[in-house]
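The following exercises concern a binding site and the space that holds it. Please work through each task with the structure in view before reading the solution.

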Amino acid sequence: MATRLATVRTSANPQVTSDASWWRDAVVYQVYLRSFADGNGDGIGDLGGLRSRLPYLSWLGVDALWINPHYPSGGADGGYDITDYRAVDPDYGDVADLEALVDDARRLGLRVVLDVVPNHTSDRHPWFQAALADPDAPEAARYHFAPPSAEPPNNWQSLFGGPAWSRTPDGRWYLHLFAPEQPDLNWGDPAVAADFERTLRFWLDRGVSGFRVDVAYGLFKDAGLRDNPGAYSPTLFGHGPEQAMTWNQPEVHDVWRRWRSICDEYPDTMLVGEVCLADLEQVALYSRPDEMHQSFSFRLLKSPWSAESFADGVRTALDAFGAVGAPVSWVLGNHDKDRQVSRFGGGALGTARARAAALLVLALPGSAYLYAGDELGLPQAEVPDEAKLDPIFFRSGGARAGRDGCRVPMPWNADRGVGFSADDAATPWLPIPADWDQYAVSRQARDGGSVLTLYRRALALRDAHPALGSGDAAVSRRGDVLTVRCTAADGSVVRCVVNMGSETALVRTRGTVLLASTTGVRRSAGSVALPADTAIWLAEA
Ligand code: GLC
Ligand code: CA
């Protein structure tokens, strides 16, 4: 297991220092740029707003931030339909703002990771426009077109609903595994690979610390465009054999080897892949030593609240990633899933469980990805249908609620509406629920019992205790109680015990309670009474 190598931060010298393995146990904070902080008062989060909030992220105690796509976009899928990969959307600022952000962050000890989207472009990308205008243009070979015919070339479905093929105005079919505004690129065309290499270098030359790679299990498709054997269900952990023709083609691993070699030219940079495959052993193959540094483990993001399911998710991930020598990249929330508090039952119950889950994930060895707002315990927001923007909502004819409810702007200041915008009178791009001042950072920072305070304490303890975040972990379960015993290289041990049942559980220990996710924990000689939906960290003597 990795020894702890993360930057040691002191208030006197918080700068980022060189560390080639920083990502192995980093806590990475995911910034949904459009919703983080609006610096110019137009109701849209931007780079200036994010820069002004960097001291908050440093105070919170994270190591790095990953920013959702900041590129000019067609606006069809929350920025994941890009029109220019080497520019900044004017809504967010410009390239100089991004450089300034990277510099400011570095001074505060924070690294910046960008999102890169290689599976598809926007339909407004100049390549696709050229391909539409002329079927014989070289750009047409960079996408998947099929000649006009009555039926689409195969049975492939869009992940957002409906067929994965749409027609061009002149009757050709083109492939889009997501929205029709997101035509899939043909990675068999060398011009595509060459252009992405330029993009990577463009941003690496500006000092970013790496990339989160969107849909990294995509890119290549079955060469014969054969029918998929079955349909995908969003209730599965990820794609499997039923979707064998569209995902996880063997050729894709060569792309990650090439990208890895580019990153290796830039010190301290890394790649983390979004690989939504059900089989974690397959996911881990994307982070073999010569491929991406990490691939997300989404198992806990999709696990119901049960010790059995969480124990299985933790064990499976540790085994699968351990087999390739990669740390696990734990994820409890992101911009694609309902907020944890709501997923785990909502209200006080959901909040208690989300607090406990945070302690579990922050104890486990590996890196942890925290989604902005989860540290405030934000619930899934009710977004009225007329304000919704997510293509999932529209393409499912309203049957699926879509992802807008986890993308609502951050509440910062309870005295100023919620203080998201520099201009209090600005209309936020997605409506913020009227009672969200209760979650504001300004309020929670002063409250010793808040979710924010819990996260901040946990992150400080994770920095101080080598067993947390980078130890060797042994997972055990007794009924509804899940225990992870983390042992550091120096022999120190911290146990994380989570009671996922509905009755108080007695935990035998002579150790010290470092942190508890709720206030109801009772200590007596030789044991701790752990209430339902509660986690503790125990330093073992
Ligand atoms: C990834 C992103 C998601 C996006 C999709 C298409 O899954 O996380 O937000 O819609 O890719 O780019
Ligand atoms: Ca703005």
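**Exercises on the ligand site**

**Exercise 1.** Determine how the shell around ligand 1 divides into nonpolar, polar and charged residues.

*Solution.* The model is a predicted one. Step 1: sort the shell residues by class, which gives four nonpolar, three polar and seven charged. Step 2: count the residues that surround ligand 1; there are 14, and the closest are Asp77, His120, Asp214, Glu274 and Asp336.

**Exercise 2.** Find the distances from an oxygen atom of ligand 1 to an N or O atom in the side chains of Asp77, Glu274 and Asp336, then state how much of the ligand the protein buries.

*Solution.* Step 1: for Asp77 the distance is 2.6 Å. Step 2: for Glu274 it is 2.7 Å. Step 3: for Asp336 it is 2.5 Å. Step 4: ligand 1 taken alone exposes 310 Å², of which the protein buries 96%.

**Exercise 3.** Identify the space taken by ligand 1 and explain where the largest pocket lies with respect to domain 1 and domain 2.

*Solution.* Step 1: ligand 1 takes up the space of the largest pocket. Step 2: the volume of this pocket is about 1200 Å³. Step 3: its lining comprises 50 residues, and those closest to the pocket centre are Asp336, Lys337, Ile392, Arg400 and Arg403. Step 4: by class, the lining holds 20 nonpolar, 15 polar and 15 charged residues. Step 5: the largest pocket lies between domain 1 (5-121 + 191-460) and domain 2 (126-175), because both contribute residues to its lining.

Definitions and conventions: Residues are numbered from 1 along each chain as its sequence is written. Chains are lettered from A and ligands numbered from 1 in the order in which they are written. This is a predicted model: local features need pLDDT of at least 70, side-chain atom pairs count only at pLDDT 80 or more; totals for chains, interfaces and linings use all residues. Side-chain values use heavy atoms; hydrogens and water are left out. On a 1 Å grid over the protein atoms alone, a cavity is a set of points where a 1.4 Å probe fits but cannot get out, and a pocket is an open set with protein on both sides within 12 Å along at least five of seven lines; lining residues have an atom within 4 Å of a point. Grid points are joined across faces, edges and corners, and a volume is the space filled by probe spheres set on the points. Ala, Val, Leu, Ile, Met, Phe, Trp, Tyr, Cys and Pro count as nonpolar, Asp, Glu, Lys and Arg as charged, and the others, Gly among them, as polar. Domain bounds come from an automatic or database domain assignment. A residue is near a molecule or strand if one of its heavy atoms lies within 4 Å of it. A polar contact is a pair of N or O atoms within 3.5 Å; within protein, one must be able to donate a hydrogen and the other to accept it, and residues adjacent in sequence count only if both atoms are side-chain atoms. Accessible areas come from the Shrake-Rupley method with a 1.4 Å probe; for residues, only the protein chains shown count as cover. A molecule sits in a cavity or pocket if more than half of its atoms lie within 2 Å of its grid points.
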